[in-house]
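Reader: I am in my first year and would like to take a close look at a single part of this model. Could you go through that part slowly with me?

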Amino acid sequence: MTDALVIEGCAIATVDAAGTEHADGHVVIEDGRIVAVGEGAAPQSTPPARRIDGRGCLATPGLVNCHHHLYQWATRGYAQQSTLFEWLVALYPVWQHIDAATVDAAARAGLAALARSGCTTSTDHHYIFPARAGDLLEVEIAAARAIGLRFHPCRGAMDLGRSQGGLPPDDVVEDRDAILAASAEAIDRFHDPAPGAMVRIALAPTSPFSVTGELMRETAELARARGVRLHTHLAETADEEVFCLERFGVRPLEYVESLGWLGDDVWLAHCVHLNADEAARMGATGTGVAHCPTSNGRLGAGIAPVPALLRAGAPVGLGVDGAASNECGELVDELRAALVLARVAHGPAALTARDALELATRHGARCLGREDELGHLSPGALADIALWELDEPGFAGIADPVAALAFGPTRPVHTLLVGGRAVVDGGELRTADPVILAADLARESARLAP
Ligand SMILES: [Zn+2]
């Protein structure tokens, strides 16, 4: 057993099932897990190796990022006024030149941004594997290990090129058998099903307009045989709905359901264009949503019906989406964007500050199948904790700390613990040098620029 770590003197939003909060509380951590959470000072029976003075701070569960494309950190600022399809057509020719150096620089920069914005667990959806580009999945897993975040990378794929009626050019798609073999290999090499895992794999054909139905169906069979989760983009734009109606004769959700793609082992990015029956179907099947409000705003796609999805019982996590459609990529921003955009669409009672925090934590953990040990501060849960400093002028005078975090200005997290290890401390990233990250990212971005 390692020595205990104690956080004291802070407000605590545990985001447990009962919504327990403490105005001035403590968290005790041993061996990477939380052993006690409560009001007042920590029990004196625990001699801590380190005591964190949390006065002026709010402790929350570490945020969970449910959708990302880390490689896109090297291709930001393109196609600024484009729809999703226009933006993809502009970017595919740039993306076909990515390689291991691109993914390494982009993933480190992107994961560092996530860490500084309170994220302790992130997924990534990587779906472009140019020939001779190197082992891109291994590269991004190494980057996550270096930055120190829990990581759920998806082995993505595209097999429906333009000549077959898909959107991507033929030279960025892969052969279906090669994709399935690479997916099985990714599970064999990297997936850790054990409690407390730092890396778990999911399988993720990219979208209805870039993959075949055969790949979707066979990927679902493989994932279920191997006990890993499924992820894809769905119902992001009106253009996708037209594509599905013209090509398959059904709307996007009905299409993926026919391929075995609804269930509590599936989470879908976006789900903007769902009608009331489809939102209910998501809840009834326990299918998760990765809600990406800033990306949806950036591409003018619309906004997901989050209140209806929550009423239906669907898990709704938050995602930054790829940094080419969200040039920021900081997760705490999505908490605020989810809050204000739900209210633009549905009025001021649509989502509360606490609802938004729950999406960013417990719901995100459900999307990734980790709700038993992530997304809440409870005895037995992993010690993935964000400590937000709220006594500076940007927040001073807001009596409700959760409202201050959700409605207030964006600031880097003060302290970020992943399994009890400090990845951010005193507002500074402890696992990488931001100057080197920025230089590497600028070099790779310049190399890819057309
Ligand atoms: Zn995406």
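Reader: Which residues coordinate the zinc ion, and through which atoms?

Author: Please keep in mind that this is a predicted model. In this model the zinc ion is held by three histidines and an aspartate, namely His 67, His 69 and His 233, each through NE2, together with Asp 321 through OD, at 2.1 to 2.4 Å. The angles among these four donor atoms run from 89 to 174°, and because four donors count as tetrahedral only if all angles lie between 85 and 135 degrees, and the site does not count as square planar either, it is classed as irregular.

Along the sequence, the donor residues follow the spacing H-x1-H-x163-H-x87-D. His 69 lies in the loop between strand E6 (63-65) and helix H1 (84-95), whereas His 233 belongs to strand E10 (residues 229-234), so this pair ties together parts that are 164 residues apart in sequence. Since residues under 20% relative accessible area count as buried, His 69 is buried at 2%, and His 233, with a relative accessibility of 8%, is buried as well.

Apart from the zinc site, you may also want to look at a set of paired strands. Strand E14 (residues 385-389) has four of its five residues buried, so E14 is largely enclosed by the rest of the structure. E14 pairs with strand E5 (residues 57-61) in the antiparallel sense over five bridges, and in this pairing Thr 60 has Ala 386 of E14 as its bridge partner. E14 also pairs with strand E15 (residues 415-418), again in the antiparallel sense, over three bridges, with Leu 387 opposite Thr 415 of E15.

Key:
Residues numbered from 1 in each chain as written. Predicted model: local features only at pLDDT ≥ 70, side-chain atom pairs only at ≥ 80, totals over all residues. Heavy atoms only, no water. Donors = N, O, S within 2.8 Å, 3.2 Å for Na, K, Ca; no water. Tetrahedral: all angles 85-135°; square planar, octahedral: opposite > 155°, others 65-115°. Helix = DSSP H or I, 4+ residues; strand = E, 2+ residues; numbered from the N terminus. Buried < 20%, exposed > 50% of the residue type's maximum accessible area, 1.4 Å probe, protein only. Pairing = 2+ DSSP bridges.
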